[in-house]
Amino acid sequence: MKQDMVEQKLRIGLIFGGRSAEHEVSLMSATSVLAALDPEKYEVTCIGVTHDGAWLVGEDVLEAMKTGRAQSLHPAVLLHDPAQSELFCIRKQDTGRQLEMVTRLDVLFPLIHGTNGEDGTIQGLFELADRAYVGSGVVGSAVGMDKVVFKDVMRANGIPVVRSTLILRQDFEHRPEAAIEAAEALGPYPLFTKPVNLGSSVGISKCVSRSDLMEGLIEAARYDRRILVEQGIDAREIEVSVLGNEHPIASVPGEVLPSREFYSYESKYTDGTSELLIPAPLEEEEVRQFQDFAVRAYEACDCAGLARVDFLMEKRSRRIILNELNTIPGFTNISMYPKLWMASGFTYPGLVDRLIELALERKAQRDRTEHRFWRDG
Ligand SMILES: Nc1ncnc2c1ncn2[C@@H]1O[C@H](COP(=O)(O)OP(=O)(O)O)[C@@H](O)[C@H]1O
Ligand SMILES: [Mg+2]
């Protein structure tokens, strides 16, 4: 009897760390999720991804990664072949390298923010391996990550976004004066400069003058081939959590009160003084508007599982502008995404359970899709 129960446990692969500036944030998110995964229901395998992109398994992976003792861990791989898509550990032998099976995984739970975790690349591997996984697929992840394509998709769906222009790093380096001219054509300062594909405010500058703009473009160009310049808005920052696959639901909106001039990397992670207001003080009609835009944005990008949708609300006019969509938002037990659901009737472990259910539901939907085309006669 006991044996049966053990065999029925769902095998979860929790993947964290990663090759991004949000590596440490990811370890914190994973700590909270791991604590919330009920050992009666789940058998969890932790997979730590290093800054260099190596996958590591072993004893107490999270602790080892946090304390920089990754030498005690073993390299691991997930093969793309659906028939051999167990998690394997790579053992070095005298005769070469050998793959040793660690476990088969029923659901992969990627908790890597930003590069290679939130941008569709790891999701592509899960698709090839034909595994169930938490969160958005390749398209939703990639569109959510690309600040330029994302804004174009919003515009095509009638969802308001800020005025912006794209500048290629190569063009900026060859003709900086043309880049400055294109940026200044957006309107008066302040302007924001951003790498197109990044997060955690890394490489983002608020520019109040032409010399600032020049510096901002140089800074953003360090992190991406493509640079986005946006009109700066004097705004409140409102965030909505969305949950679901085919028919997603929206949480109550929350508000961030950044500790600095804007919600910069320092203000997000190092000062520890940015405040979250839950629920955000808003009119009823505004709440509905935020929730409607959040769900529409989510559906337009074909998201699944979860996303946090972030808005700017112009202080003077109360105009609502959609800023960005994060498909793997911060997930510690004090992060905005889960806290908004806790204010909307979920418990933290209940939310984690629901995400795993949604991963299995999405996999079942995918399994119904035919991949061969037969024509009679
Ligand atoms: N157009 C803008 N106007 C005013 N503030 C902005 C604008 N764009 C970004 N910001 C500020 O910069 C922060 C980070 O920008 P965001 O686009 O959310 O990038 P990230 O993906 O790094 O979080 C925002 O939370 C906000 O404080
Ligand atoms: Mg943001």
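1. Pro190 is a friendly place to begin: this residue sits in the loop between helix H8 (176-184) and strand E10 (191-195). Helices (H or I, at least four residues) and strands (E, at least two) are DSSP runs, numbered from the N terminus. The peptide bond from Tyr189 to Pro190 is cis, with omega near 5 degrees. A second cis bond runs from Ile278 to Pro279, with omega near -10 degrees, and Pro279 belongs to the loop between E16 and helix H11 (284-300).

2. A word on how to read the values. This is a predicted model, in which local features need pLDDT of at least 70 and side-chain atom pairs count only at pLDDT 80 or more, while totals for chains, interfaces and linings use all residues. Residues are numbered from 1 along each chain as its sequence is written, chains are lettered from A and ligands numbered from 1 in the order in which they are written, and side-chain values use heavy atoms, with hydrogens and water left out.

3. Now the overall layout. The chain splits into domain 1 (2-133), domain 2 (144-160 + 234-365) and domain 3 (164-231); these bounds come from an automatic or database domain assignment. Between the C-alpha centres of domain 1 and domain 2 there are 26 Å.

4. How much area do domain 1 and domain 2 bury between them? The figure is about 1900 Å², with 69% of it on carbon and sulfur atoms. Buried area here is the accessible area (1.4 Å probe) that two parts lose on being put together, summed over both. On the domain 1 side, Ser32, Ala36 and Glu118 lose the most area to domain 2, together 26% of what that side buries. In terms of contact (heavy atoms within 4.5 Å), 29 residues of domain 1 meet 20 residues of domain 2.

5. The polar side of this interface deserves a look too. Between domain 1 and domain 2, 8 residue pairs are in polar contact, both residues being at pLDDT 80 or more. A polar contact is a pair of N or O atoms within 3.5 Å; within protein, one must be able to donate a hydrogen and the other to accept it, and residues adjacent in sequence count only if both atoms are side-chain atoms. Which elements give two or more residues to the side of domain 1 that touches domain 2? They are strand E1 (10-17), helix H2 (23-36), strand E7 (107-110) and strand E8 (132-133). H2 provides the largest share, 6 residues. By type, the residues on this side are 16 nonpolar, 7 polar and 6 charged. Ala, Val, Leu, Ile, Met, Phe, Trp, Tyr, Cys and Pro count as nonpolar, Asp, Glu, Lys and Arg as charged, and the others, Gly among them, as polar.

6. Next, the charged pairs. Side chains of opposite charge can pair when their charged atoms come close. A salt bridge is a side-chain nitrogen of Lys or Arg within 4 Å of a carboxyl oxygen of Asp or Glu. The whole structure has 27 salt bridges, and the count between domain 1 and domain 2 is 2. Arg366 and Glu127 form a salt bridge through their side chains (3.5 Å, N to O). Arg366 lies in helix H13 (residues 348-367) and Glu127 in helix H4 (residues 121-129), so this pair ties together parts that are 239 residues apart in sequence.

7. Asp130 is worth finding on the screen. Its side chain joins that of Lys363 in a salt bridge (3.6 Å, N to O). Asp130 sits in the loop between H4 and E8, and its phi is near 60 degrees, a positive value in a residue other than glycine.

8. Turning to the sheets, two strands pair if DSSP finds at least two bridges between them. An open sheet of 8 strands follows the order E6-E5-E4-E3-E2-E1-E7-E8, with mixed pairing. Strand E6 (96-103) and E8 stand at the edges with a single partner strand each, so one side of each is left without a neighbour in the sheet.

9. Some pairings within that order can be traced by residue. Strand E4 (residues 74-78) and strand E5 (residues 87-93) are antiparallel over 3 bridges; Ala76 has Cys89 as its bridge partner in E5, and Leu78 has Leu87. E5 and E6 run antiparallel, joined by 7 bridges, and form a hairpin with 2 residues between them. Arg91 stands opposite Gln98 in E6.

10. Lastly, strand E13 (residues 235-244) pairs with strand E15 (residues 254-257) in the antiparallel sense over 3 bridges, with Glu237 opposite Val256. E15 also pairs with strand E16 (residues 275-277), antiparallel over 3 bridges, and there Leu257 has Glu275 as its bridge partner.
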